[in-house]
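This report goes through one chain, from single residues to the sheet, two helices and the overall dimensions. The sequence and the structure come next.

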Amino acid sequence: MNQNLRDKMRARMEEVRAQAAERDDLVEVIAIALLTRKNVFILGDTGQAKSYAVNLFRAGITGARQFERLMSKQTDEEALFGRLDLSSLIPGGVPEHVLEQDALYSAMYQKLKENLDDTLDGADEQRRELLDRMALRRRALSELHSCEPSVITRGKIPDSHICFLDEIFKASDGILNALLTALNERRYTNEGKTIGIPTISFFSASNEIPNFNAPEEKILKPLYDRFELKVVTEYVESRDARLAVLKRKQGQRGQPPIAAPISLAELEEMQRDVQSITVPDRVNELMDDVLCELRSRGVHISDRKYFGYAPIAQAKAWLEGRDAVGPADLTILRHYLWTAPEERAMIQSVLERMCSDPLKERLDGILTAALESYQDFESSAGSAPNTRRIGKLRDEFIQLYEKLEELRANAQSDGELRQIADCVSELEGHSKKAHEASSFCYAPLDQIYALKAG
C-alpha cells in the first residue's frame, strides 16, 4: 500500500468534510466511487448540500475534465454527448478532431497564432506561406477523411473524467439508451461510430426516487440500477454544526483555495493500489452469510450485486490503512446493498451485527445450537433409551466442536482464541451435565473428536 497516496485521499476527504457539515457518509462514498470507478446516487431534500459536497470534492481532482448538467425533458443528446461536425459531411471538409490530432497541421496553426501580430518586414510573406502550407495539408487530410461522420465531443461527457448529472430521472425517454450505455459500459455510439468514454464516475442527486411500478416511470428502473452506490442525506441536526456553517459562510469571501488537491495521475495510481488489497476467504464466507441473512429477510440482492461487492470493501480497507479486507470493512456495503430506502435500516443492522464482531456472531450461533440440543436431550427423558439420547447429543456436540476447531485454526488474534476457548468451555459444560444426568462416563469433547478423526 502506498501510504502517501492514502494520506492524500484522506486529506482531501477531511477538507471537504470541514466545509460540508454532517456529510461524512457522503464524502466517504464519493471517495470510494472515485477509487473504484463506481457511480453514485444521492437522495435527499432540496438544500441539503448534496451537489455542494460533490462539486467541492471533484474540484480538488486536478487535471480531471469535468462535466455538469441539470437534466430536464428538454436536455437532448447533443447537450450531453456532443453535436455532429457538419464540416465532416461537406465534400472537401475535414473533421475538426482530425485537424487537432494531426501534429504537422497543429504545429503550423500554433506558429500562425504566434506570428499573427508580427509587424516586422517579411511577416506577411511568412503568414502567406504558412497559410498555403496549411491549405495544402487540409486538402491532403480531406482526401483521407472527407465525408466521415464525426461528433464534436469537446466539453461533453465523452471528453470528461467526472460527470455530475443532476436530477437524472428528469431526462427524456429519447436519451435513456445513450445514458444507460454511458453509465454501464463507458461508451457512446453516434452515426454508427462507437467511442470510449473516459469517465471515472457519474454522480446524480434527487429529492425523490421514481415510482417504478407506474408504467410511465418503469423505464427509469435500469437507469437507477446503474448507480451502484447510494446515499441518503438529512438536514444538519447539530445546533453547533449549523452555527459553525453560518459563521463560516458569513465571513467567507469567495471559495477558499484547495489545500489538498489530488492529480488525475495520482487518482489513477490510487485505483491500482486499491485493486492490490486482498480479500481473504473468511471475508468472502462472511459476505455469503450476510447475503443469506438478508435474502431470508426478504431483501432482494441480485447475484450481480453480490459478486461485485469486493472493490467497495477493498477501497474501504485501503482508506483505513489495511492491506487486506477485514470483516468490519463490509459495513460500508450499507451504501451498496439497498435498492429501496426502507431497506436501509435492516441492511445496516445486519451488517453491524454480523460484521462488527463476526466471530461473536458465529460463536453465539454455536452456543444456541448447543443449548437446543441439550434441551432436546432433557425433554426426551423417559421417551427414549439413555444410550440413544446421549449418542445423539454427542454426535451433535462433536459437529459443533468441529466448527470451533475450524474457527480456532483461522483465529487472527489472542483475543479471538480466548473467545473460542470460552465457547468450548460452555459446550463442555453442557456435555458434562448431560453425561451426569444419564449416568454415563464423561469424556472431554477433544478426546472424542480425536478418536473420530483418527
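## A residue at the start of a helix

D303 is found in helix α13 (residues 303-307); helices (H or I, at least four residues) and strands (E, at least two) are DSSP runs, numbered from the N terminus. With a relative accessible area of 42%, D303 is partly exposed. Buried means under 20% relative accessible area, exposed over 50%, and partly exposed in between (1.4 Å probe, protein chains only). D303 and F227 are 76 residues apart along the chain, and their C-alpha atoms are separated by 16 Å.

The model is predicted: local features need pLDDT of at least 70 and side-chain atom pairs count only at pLDDT 80 or more, while totals for chains, interfaces and linings use all residues. Residues are numbered from 1 along each chain as its sequence is written, and side-chain values use heavy atoms, with hydrogens and water left out.

## The parallel sheet

An open sheet is formed by 5 strands in the order β3-β6-β9-β1-β10, with parallel pairing. Its edge strands are β3 (66-70) and β10 (229-232), each of which pairs on one side only. Neighbouring strands of this sheet are turned by 15° against each other on average, direction ignored. Axes here are lines fitted to C-alpha atoms, for helices over the stretch in contact, and angles run from 0 to 180 degrees between N-to-C directions. Helix α3 (residues 50-59) packs on the sheet and touches β1, β3, β6 and β9 (201-206); the direction of α3 makes about 170° with that of β6. Contact means heavy atoms within 4.5 Å.

Two strands pair if DSSP finds at least two bridges between them. Strand β1 (residues 40-43) is joined to β10 by 4 bridges, and the two run parallel. Another 4 bridges join β1 to β9, again in parallel. L43 has a bridge partner in each of these strands: V232 in β10 and S206 in β9. Between β6 and β9 there are 3 bridges in the parallel sense, and C163 stands opposite F202 in β9.

How many of the residues of β9 are buried? The count is 6 of 6, so the strand is mostly covered. In a regular strand the side chains alternate between the two faces of the sheet. In β9, S201, F203 and A205 point one way and F202, S204 and S206 the other way, and all are buried.

## Residues in loops

H161 sits in the loop between β5 (151-152) and β6 (162-166). H161 is buried, with a relative accessible area of 9%. Not counting residues up to four places away in sequence, H161 touches G63, A64, R65, P198, T199, I200, S201 and L264.

Two further loop residues have a positive phi although neither is a glycine: E22 and R37.

| Residue | Loop | Phi | Relative accessible area |
|---|---|---|---|
| E22 | between α1 (3-19) and α2 (24-36) | about 55° | 35%, partly exposed |
| R37 | between α2 and β1 | about 60° | 37%, partly exposed |

## Helices α16 and α18

The expected span of a helix is 1.5 Å times one less than its number of residues. Helix α16 (residues 358-379) has 22 residues and should span 32 Å; its end C-alpha atoms are 32 Å apart, which agrees. The buried residues of α16 are P358, L359, L363, I366, L367, A370, S373, Y374 and F377. They pack against α12 (281-296), α15 (344-355), α17 (386-409) and α18 (414-437). An α-helix has 3.6 residues a turn, so residues three or four places apart point the same way.

For the 24 residues of α18 the expected span is 34 Å, and the end C-alpha atoms are 35 Å apart, which agrees. I420, C423, V424, L427, E428, H430, S431, A434 and H435 are buried in α18. Just after α18, S439 takes a positive phi of about 60°.

## The whole chain

The secondary structure of the chain comes to 19 helices and 11 strands. Of its 454 residues, 43% count as buried. Among contacts with a separation of 6 or more, 77% are between residues 24 or more positions apart.

The radius of gyration of the chain is 31 Å, whereas a compact globule of 454 residues would have one near 22 Å. This radius is taken over C-alpha atoms, and the globule rule is 2.2 Å times the number of residues to the power 0.38. Along the principal axes, the C-alpha atoms fill a box of roughly 120 × 55 × 50 Å.
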